[in-house]
Amino acid sequence: MPNMDLPTQSHLKALRDLLEYRRGELRAEVQAAERERQALAEAAEAGVADRKDEAMKGQLSALSGQQEEREREELHQVEAALGRLDRGTYGDCEDCAEPIPLKRLLVQPAATRCAGCQTRLEGHPRS
Ligand SMILES: [Zn+2]
């Protein structure tokens, strides 16, 4: 009787599809953010914006910079998860090496830790 908590080959295929889809989305978003930043920089250089506009754009780009940062981080995690899929180490907890329950992977395909280790990590960020 197979352990129902462990992903089967077809689960892994579905998880790979999820990850690849997400990777495509994130790449598009990061590229769009880069283009936007470039356009803003060009507009500023060309002296298009007046002062009030510039202050607002500064705030906007700080905001989108944070979002871009999060997207880059997630993209990195998604790519790492795809790498683990390729190497056949996908789904093992980074900390305790126990398999991450399938339910958790389906919600968070790029998860690197089981819920227990993740909670411990977040509770004690330095340990
Ligand atoms: Zn763990």
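**Group meeting: a four-helix chain with a zinc site**

Okay, to start with the charged pairs: searching the whole structure turns up eleven salt bridges. Keep in mind that this is a predicted model. I'll come back to a few of those bridges, but let me lay out the fold.

The chain has four helices and zero strands, so if you read along the sequence you get α-α-α-α. There are 127 residues, and buried ones make up 25% of them. The accessible surface is about 9100 Å², with 53% of that belonging to carbon and sulfur atoms. As for contacts, take those with a separation of 6 or more: 60% of them are between residues 24 or more positions apart.

Right, back to the salt bridges. Let's begin inside helix 1, which covers residues 9-45. R22 and E25 pair up there through their side chains, at 2.6 Å from N to O. They sit three residues apart, about one turn of the helix. How covered are these two? R22 has a relative accessible area of 26%, so it counts as partly exposed. E25 comes in at 29%, and that is partly exposed too.

The next one goes between helices. R37 makes a salt bridge with E68, and the closest N and O atoms are 3.1 Å apart. This pair links distant parts of the chain: R37 belongs to helix 1 and E68 to helix 2, with their positions 31 residues apart. So is E68 buried or exposed? At 5% relative accessibility, E68 is buried. R37, on the other hand, is partly exposed at 44%. The cut-off for buried is under 20%, so E68 falls below it at 5%.

E68 has another partner as well. Its side chain meets that of R72 in a salt bridge, again with 3.1 Å from N to O. Both of these residues are in helix 2, four residues apart, which is about one turn of the helix. R72 is partly exposed, at 34% relative accessibility. And if you join things up, you get a network of salt bridges linking E34, R37, E68 and R72. As a general point, side chains of opposite charge can pair when their charged atoms come close.

Now the metal. Which atoms hold the zinc ion? The protein donors are the SG atoms of C93, C96, C114 and C117, at 2.3 to 2.4 Å from the ion. The angles among the four donor atoms run from 103 to 117°, and the site is tetrahedral. For reference, the ideal angle for four tetrahedral donors is 109.5 degrees. Along the chain, the donors follow the spacing C-x2-C-x17-C-x2-C. Within that set, C96 and C114 link distant parts of the chain, 18 residues apart. C96 is in the loop between helix 2 (51-87) and helix 3 (102-107), while C114 is in the loop between helix 3 and helix 4 (115-123). Their covering is worth a look as well: C96 is partly exposed at 33% relative accessibility, whereas C114 is buried, with a relative accessible area of 14%.

On to the nonpolar side. The largest nonpolar core has 17 residues, and the members that touch the most others are L19, V78, L85 and Y90. Helix 1, helix 2 and helix 3 are the elements giving two or more residues to this core. Helix 2 has the largest share, with five residues. In soluble globular proteins, nonpolar side chains tend to be buried together. What does V78 touch, leaving aside neighbours within four places in sequence? The contacts of V78 are L19, R22, R23, L26 and A110. R22 should ring a bell: that is the residue in the salt bridge with E25.

One last stop, up at the start of the chain. L6 lies in the segment before helix 1 and is partly exposed, at 34% relative accessibility. Setting aside neighbours within four places in sequence, L6 is in contact with H11, P99 and L102. The C-alpha atoms of L6 and L105 are separated by 9.9 Å, with their positions 99 residues apart along the chain.

That's the tour. Questions welcome.

Technical notes
Residues numbered from 1 in each chain as written. Predicted model: local features only at pLDDT ≥ 70, side-chain atom pairs only at ≥ 80, totals over all residues. Heavy atoms only, no water. Donors = N, O, S within 2.8 Å, 3.2 Å for Na, K, Ca; no water. Tetrahedral: all angles 85-135°; square planar, octahedral: opposite > 155°, others 65-115°. Buried < 20%, exposed > 50% of the residue type's maximum accessible area, 1.4 Å probe, protein only. Salt bridge = Lys/Arg side-chain N within 4 Å of Asp/Glu carboxyl O. Contact = heavy atoms within 4.5 Å. Areas by Shrake-Rupley, 256 points an atom, 1.4 Å probe, with all protein chains shown as cover. Core = buried A, V, L, I, M, F, W, Y, C linked by side-chain atoms within 4.5 Å.
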